[in-house]
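User: Hi! I'd like to learn how to read helix packing and buried residues in a model. Could you walk me through it?

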Amino acid sequence: MNPIAMQLNADPWILSALREDMPGEDVSTAAVMPQARQGRVELLCKQDGVLAGLDVFARVFHLLDGDAHIEPLCRDGEEIHAGQLLATVTGDIRALLSGERVALNFLQRMSGIATYTRQMARLLEGTGVTLLDTRKTTPNFRVFEKYAVRMGGGRNHRTGLSDGVLLKDNHIAAAGGVAQAVAMARAYAPFVRKIEVETETLQQVEEAVRAGADIIMLDNMTDEEMRRAVALIDGRAKTECSGNITLENAKRVAGLGVDYVSCGALTHSAPILDLSMKNLRPLDGEGRP
């Protein structure tokens, strides 16, 4: 993750997580390590998967100890395997102990998302379909989860509501119809912004095409409905399939002719990847165990 982006977008959430875990002092660490002492600990992989978030992991320790040093042995986006040594962390033992859980929480969550995304992205290889995530993310964790999706081989949809126009069912209801909603969006949004319309029926697809939508989302449609919708649109707009996309049906859906497949499960249902910090060793003045 870019260092400037890290400080601007990630540091506040990392510090918040540290404060949540350590609202006062770390009583356990204060008891066994009352004075500063250098140490080294290993980051180990316990499960095959895809790594994501190593810079965030390292940043936890840098925020607790500005002199902490992380020696990475692999990079984000790489496939990792059970038993593999991923990195070593050297620094004040108090920082290593106090930051361990928060650092692992970030890294395990992000690596789990990258792993799940890689599995789905592989199913779509060769289809010409782009895999997208959604805004179904953990509150205050979106910057990390969206990054993890990219490391897994997916693409980001909208990072937030300010990024683009997506007229969903309730927007359409508020505006009085598809045509009205698209016309109002065209009048309000900057001309460089694309307008996407969520549709649930073939009639709404027809209305979206006539209104000049740039992207038409086919939401929770049957396979037959999606085939008919793609034929009806006939290249006049990009098409996105959404709704209950899983590892079991992703490739089948991609074969229906859509341009994009968006999947909320990438961020809301991916299991964590099992990682661990082990073999903590105090160091002498020369940096030796």
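**Helix packing and burial**

Analyst: Happy to! Helix H7 (residues 178–188) packs with H8 at an angle of about 30°, their axes lying 9 Å apart. The two cross in a right-handed sense. On the H7 side the contact uses Val178, Ala179 and Val182, and on the H8 side Gln204, Glu207, Ala208 and Ala211. By class, these residues are 5 nonpolar, 1 polar and 1 charged. Do keep in mind that this is a predicted model.

User: How should I read an angle and a distance for another pair, and what are they for H8 and H9?

Analyst: In general, the angle between the axes and the distance between the axes describe two packed helices. Here, helix H8 (residues 202–211) and helix H9 (residues 223–233) have an angle of about 20° and axes 10 Å apart. Angles under 35 degrees count as roughly parallel, so H8 and H9 are roughly parallel to each other.

User: Which residues of H8 and H9 meet?

Analyst: A general idea helps first: an α-helix has 3.6 residues a turn, so residues three or four places apart point the same way. In this case, H8 brings Leu202, Val205, Glu206 and Val209, while H9 brings Glu225, Arg228, Ala229, Leu232 and Ile233. The contact of H8 with H9 holds 6 nonpolar, no polar and 3 charged residues.

User: Now for burial. Is Lys146 buried or exposed?

Analyst: The cut-off for buried is under 20% relative accessible area. Lys146 has 2% relative accessibility, so this residue counts as buried. Lys146 sits in helix H5 (residues 142–152). Beyond its neighbours within four places in sequence, Lys146 contacts Asp133, Thr134, Asn156, His157, Arg158 and Thr159.

User: Which other residues of H5 are buried, and what do they pack against?

Analyst: Besides Lys146, the buried residues of H5 include Phe144, Glu145, Tyr147, Ala148, Val149 and Gly152. The buried residues of H5 pack against helix H1 (3–21), helix H3 (54–64), H4 and helix H11 (265–268). Just after H5, Gly153 has a positive phi of about 105°.

User: Which residues touch the most other members of the largest nonpolar core?

Analyst: Leu43, Phe57 and Leu218 do, in a core of 83 residues. Helix H4 (residues 93–124) is the biggest contributor to this core, giving 13 residues. Setting aside its neighbours within four places in sequence, Leu43 has contacts that include Leu54, Phe57, Leu104, Leu107 and Met277.

Note on methods
Residues are numbered from 1 along each chain as its sequence is written. This is a predicted model: local features need pLDDT of at least 70, side-chain atom pairs count only at pLDDT 80 or more; totals for chains, interfaces and linings use all residues. Side-chain values use heavy atoms; hydrogens and water are left out. A nonpolar core is a set of buried Ala, Val, Leu, Ile, Met, Phe, Trp, Tyr and Cys residues joined through side-chain atoms within 4.5 Å. Buried means under 20% relative accessible area, exposed over 50%, partly exposed in between (1.4 Å probe, protein chains only). Helices (H or I, at least four residues) and strands (E, at least two) are DSSP runs, numbered from the N terminus. Contact means heavy atoms within 4.5 Å. Axes are lines fitted to C-alpha atoms, for helices over the stretch in contact, and angles run from 0 to 180 degrees between N-to-C directions. Angles under 35 degrees count as roughly parallel, over 145 as roughly antiparallel, 65 to 115 as roughly perpendicular and the rest as oblique. Ala, Val, Leu, Ile, Met, Phe, Trp, Tyr, Cys and Pro count as nonpolar, Asp, Glu, Lys and Arg as charged, and the others, Gly among them, as polar. A crossing is left-handed if the near helix is turned anticlockwise from the far one by less than a right angle, and right-handed if clockwise.
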